[in-house]
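Open the model in your viewer and keep the selection panel at hand. The stops below say what to select and what to look for.

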Amino acid sequence: MAAPSRTSPAALEAQARTVAARLLGASQRTQIDLQGIDYKDQNQTEGLAGAWEIPCGEELHLPSVPSSKRCWRLVWEQFASDGEVARLKELADRAFQGLHHRGAEVSLPLPLHDAKPSGGGGVTAVADYQRATRDLAEERLGREGLGLAADLMQRVQVALAAMAGKTQPLQQRGALLRRVALPAVQGPEQMQPDHDTFAPHADQATVAAYEYSALLYLSSSPADFLDGELIFMDEDADRAVTPRSGLLVGFTSGSENLHRVAAPSPGGARHVLAMWFSSPVAGAESCPAAIKEDLQGVLAAFLALVATAALAGELCRHMCLWLWRLLPVSVVSRAQACRR
């Protein structure tokens with residue numbers, strides 16, 4: 001079952017502009033190196049971690065609304081233990097057997113443990129998708145695999161919330177286990193032979209609700225595959241991260257973190273647990289209803305003024321103009337609060 005559509009043509013156009021500019025711009029590649037970077041998280045027990053604040057990119061979904069968000073990247077070695085990574089990778093390979101492939105990749109969606117669909121006509125579709133996802137994941141991974149993946153997802157959720165400066169847990173928006181291998185599988189298991197796994201993209205251009213992205217690697221280069229780096233396509237240079245088992249890479253999901261995956265050399269397999277989150281929003285369930293109330297309130301005031309037009313024509317004209325200007329401000333402000 002496919003998930004409901006969650007992006008917009010405007011966001012995809014903005015992504016295309018950024019991709020074109022970056023492809024014409026930076027030509028050199030640098031390696032992200034954690035040596036000498038001092039970053040400590042209260043939950044960090046071992047391994048090196050580095051964090052960087054970066055300039056935010058073009059707003060993808062509400063370009064006319066000012067944003068105060070912070071944009072960043074986080075790279076954390078040995079976030080997961082060797083035992084956790086090896087076991088989840090083993091269970092994932094078993095789960096992938098018989099699944100359809102899209103080009104060089106095969107994926108297993110994972111259920112979201114804190115999903116709270118908001119009101120509206122899409123509730124049933126989202127609930128059906130979550131139910132189908134949970135059933136498939138439990139059938140494929142078993143209880144052990146689901147529990148291990150859920151534990152890792154929750155730990156990542158806490159780490160990214162701390163990096164984002166949030167006092168409440170982030171909301172899970174999506175998660176999947178993915179394996180990329182070349183040459184791509186052919187035959188009846190291949191569903192989309194033309195799918196480009198390695199195309200540059202910004203996660204929020206694909207799904208508007210994504211604010212924070214995370215990749216937990218379950219295999220290493222060069223032990224399990226050659227090449228296959230994660231490449232951030234910055235204006236001045238491409239910055240590459242070499243996958244290693246247990247390595248966590250987290251980043252804001254906007255166009256500032258446009259990225260791609262370098263194709264691994266044929267013969268190996270690149271495994272990752274990919275996750276996406278959004279900010280916690282108090283009362284988010286009431287956002288659609290609140291926007292509707294704003295519209296109804298403005299409309300009621302407008303009709304009341306029309307009813308008194310015969311008595312105060314000039315005043316009505318000025319007030320109607322004022323309400324007309326207020327309408328987009330009110331609704332956009334509400335939408336911004338809901339999104340953040």
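The tour of this predicted model goes from a disulfide to a helix and then to some aromatic rings.

**Stop 1: the disulfide**

Select Cys56 and Cys71 and show their side chains; the two form a disulfide, with 2.0 Å between the sulfur atoms. A search of the whole structure finds one such link. Turn the view to look along the S-S bond: the angle about it is 110 degrees, and the link of Cys56 and Cys71 is right-handed.

Now colour by secondary structure. Which parts does the pair tie together? Cys56 sits in the loop between strand 2 (49-54) and strand 3 (71-76), while Cys71 belongs to strand 3, so the disulfide joins parts 15 residues apart in sequence.

Add a surface and compare the two ends. Cys56 is partly exposed, at a relative accessible area of 36%. Cys71 has 1% relative accessibility, and because the cut-off for buried is under 20%, Cys71 counts as buried.

**Stop 2: helix 2**

Select residues 82-96, which make up helix 2. Place a distance label between its end C-alpha atoms: they are 21 Å apart. The 15 residues, at 1.5 Å a residue, should span 21 Å, so the model agrees with the expected value.

Next, pick out the residues of helix 2 that are buried: Glu84, Val85, Leu88, Lys89, Leu91, Ala92, Ala95 and Phe96. To see how they are arranged, look down the helix axis. In an α-helix there are 3.6 residues a turn, so residues three or four places apart point the same way.

Then step past the helix to Gly98, which follows helix 2 and has a positive phi, near 85 degrees.

**Stop 3: aromatic pairs**

How many aromatic pairs are there? The count comes to four. Two of them are visited here.

Select Trp76 and Phe79 for one of the pairs. Their ring centres are 5.0 Å apart and the planes meet at 85 degrees; planes over 60 degrees apart count as edge-to-face, so this pair is edge-to-face. Trp76 and Phe79 are both buried.

Move to Phe232 and Phe251, another edge-to-face pair, 5.3 Å from centre to centre with 85 degrees between the planes. This pair links distant parts of the chain: Phe232 is in strand 9 (residues 230-233) and Phe251 in strand 11 (residues 248-252), 19 residues apart. Are these two buried or exposed? Phe232 and Phe251 are both buried.

**Stop 4: a charge over a ring**

Keep Phe232 selected and add Arg73. Arg73 lies over the face of the Phe232 ring, 4.2 Å from the ring centre.

Note on methods
Residues numbered from 1 in each chain as written. Predicted model: local features only at pLDDT ≥ 70, side-chain atom pairs only at ≥ 80, totals over all residues. Heavy atoms only, no water. Disulfide = S-S within 2.5 Å. Helix = DSSP H or I, 4+ residues; strand = E, 2+ residues; numbered from the N terminus. Buried < 20%, exposed > 50% of the residue type's maximum accessible area, 1.4 Å probe, protein only. Expected span 1.5 Å × (residues − 1). Phe/Tyr/Trp six-rings, centres within 6.5 Å; stacked < 30°, edge-to-face > 60°. Lys NZ or Arg CZ within 6 Å of the ring centre and 35° of its normal.
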